[in-house]
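I am opening my notebook to write down what I look up in this structure, one topic at a time. Each entry begins with what I wanted to find out.

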Amino acid sequence: MHIFEKYSVNGMALKNRLIRSALWMKAAKADGHLTDEIFQTYGDLASGGVGLILTGYIFISHEEQPNPRMAGIYDDSFLEEYTQLTDMVHERGSKIAAQIVFGGSQSHHPEAPNMNILAPSAIKNRVTGLLPKEASRAEIRRIASLFGDAAERAKKAKFDAVQIHAAHGYFLSMFLCPYYNRRNDEYNGSIHDRARIIYEVYAAIRQRVGKDFPVMIKLNFDDFMDDGEGLIFDDAIEVFKHLDQLGIDMFEVSATNESSGKGLMPARPHILKRENESYFLTETAQIAENVNAPVILMGGNRSVERMNEILNSTKIQCFSIARPLLSEPDLITRWERDEHYRPRCISCNKCWETEPNSCIFNRKK
């Protein structure tokens, strides 16, 4: 097998096994509508050879959002512009999936104190300092419905798939985290009780988009928090297995959140040596052994040779990349011409210093 082989997920035909992982771009209008910068970014990625583009996370409720200048999909006013976006991506030979999210108290938006910030429990967020309101059962049902609404809009706008963002300390991820989930109802207790909202979100989406539309999920295997505080691998793998049984079409495996306190982030710095590449491999490979749906390896994928080795020695099927494609949107085409090409991305994490995000190598002097 080779990463440049075609691959198919529930009818979504990809020209290769390489995926652009979601990246907050700080490029949308204040209300979430699209800009020329967003069209340019996704157009360049599609022209550059990537098989599937995962959008930066898209907020699903006008009442809250995790960060400013995120794209939105909270009402039908977005349909026309997203259709223009997906048509452009398809014309250039790639597929595109909408990553959808509900933020919770891990919100860095300057207006967050004035927003309707909900969380599993009314626990002050360690990172943002926000004290949220505990989501009621009715509000949990409404949020699941908002995910369903967003997914249906994405399908109408000709996205090829949706990805549920249930990682990195946002609202759905917080339910899996004992530090933030201290509820006294059916949404806390065993790992499947803590994951109940994720299962309900998936069911709401599947009901709205049907069985033939790919539904993906991004999920942590570990929160990397102190003992007893966060999601741990043994619990996480049970969630992966149950979602697999429910019918999720594809998993992207990640880890950690901003509250971990360990200094670990999903985008680790200094991926300069081979031994630093593909840093979530061990756990992702174990998850792939325990589910039937295809699994995406994210985190420090930097060389064709290494990815091909993993493809042929594990059950991992696809590979996602973010920062190197921000630096070189045509990286996939470069690799097709020369499999030994080394991306110029040095994993410095200075992408987020500008608005919109930009690689230091692409900034004008």
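**Entry 1: a peptide bond and its place**

Where is the place of Pro356? I looked it up and found Pro356 in the segment after H11. I keep in mind throughout that this is a predicted model, and I read each value as computed from that model. The reason I went to this place is the peptide bond from Glu355 to Pro356, which is cis, with omega near -5°. Most peptide bonds are trans, and most residues other than glycine have a negative phi.

**Entry 2: positive phi angles**

Next I turned to phi, and I noted Asn10, which is not a glycine and yet has a positive phi of about 45°. Asn10 sits in the loop between S1 and strand S2 (12-14), and I put Asn10 down as partly exposed because its relative accessibility is 26%. I then wrote down Ser278, also not a glycine, with a positive phi of about 50°. Ser278 belongs to the loop between strand S12 (250-254) and H8. Is Ser278 buried or exposed? Its relative accessibility is 4%, so I count Ser278 as buried, the cut-off for that word being under 20%.

**Entry 3: how helices cross**

Two packed helices are described by the angle between their axes and the distance between the axes, and I looked up both values for two pairs. For helix H6 (residues 196-209) and H7, the axes come within 11 Å and cross at roughly 25°. That angle makes H6 roughly parallel to H7, because angles under 35 degrees count as roughly parallel. The crossing in which H6 passes H7 is right-handed.

I then followed helix H7 (residues 233-246) to helix H8 (residues 281-290), where the axes come within 10 Å and cross at roughly 40°. This makes H7 oblique to H8, and I noted that the crossing of H7 and H8 is right-handed.

**Entry 4: salt bridges**

How many salt bridges does a search of the whole structure find? The search finds 25 salt bridges, and I picked out a few of them to follow along the chain.

I began with Lys158 and Asp87, whose closest N and O atoms are 2.7 Å apart. This salt bridge links distant parts of the chain, 71 residues apart, with Lys158 in the loop between helix H3 (137-156) and strand S10 (161-166) and Asp87 in helix H2 (residues 79-91). On accessibility, I recorded Lys158 as partly exposed at 40% relative accessibility, and Asp87 as partly exposed with a relative accessible area of 25%.

I went on to Arg183 and Glu134, whose side chains meet in a salt bridge with an N to O distance of 4.0 Å. Arg183 is in the loop between helix H4 (171-175) and helix H5 (191-194), while Glu134 is in strand S9 (residues 133-134), so the pair ties together parts that are 49 residues apart in sequence. Arg183 counts as buried at 5% relative accessibility, whereas Glu134 is partly exposed, with a relative accessible area of 36%.

The next pair I wrote down was Lys315 and Glu289, which form a salt bridge with their closest N and O atoms 3.7 Å apart. Here Lys315 comes from the loop between helix H9 (304-313) and strand S14 (318-321) and Glu289 from helix H8, so parts that are 26 residues apart in sequence are tied together. I marked Lys315 as partly exposed at 46% relative accessibility, and Glu289 as partly exposed at a relative accessible area of 48%. I also noted that Glu134, Arg183 and Asp185 are joined into one network by salt bridges that share partners.

**Entry 5: a nonpolar patch on the surface**

Which residues form a nonpolar patch on the surface? I found Leu272, Ile346, Ile360 and Phe361, which together have about 320 Å² of accessible area. I looked more carefully at Ile360, which is placed in the segment after helix H11 (331-337) and is partly exposed because its relative accessible area is 30%.

**Entry 6: the start of the chain**

Last, I looked up Met1, which is in the segment before strand S1 (7-9) and counts as partly exposed at 47% relative accessibility. From C-alpha to C-alpha, Met1 and Ile316 are 11 Å apart in space, while in sequence they are 315 residues apart.

How values were computed: Residues numbered from 1 in each chain as written. Predicted model: local features only at pLDDT ≥ 70, side-chain atom pairs only at ≥ 80, totals over all residues. Heavy atoms only, no water. Patch = residues over 30% accessible without salt bridge, like charges linked within 9 Å, V, L, I, M, F, W, Y side chains within 5 Å. Areas by Shrake-Rupley, 256 points an atom, 1.4 Å probe, with all protein chains shown as cover. Helix = DSSP H or I, 4+ residues; strand = E, 2+ residues; numbered from the N terminus. Buried < 20%, exposed > 50% of the residue type's maximum accessible area, 1.4 Å probe, protein only. Axes fitted to C-alpha atoms, helices over the stretch in contact; angles between N-to-C directions. Parallel < 35°, antiparallel > 145°, perpendicular 65-115°, else oblique. Left-handed = near helix turned anticlockwise from the far one by under 90°.
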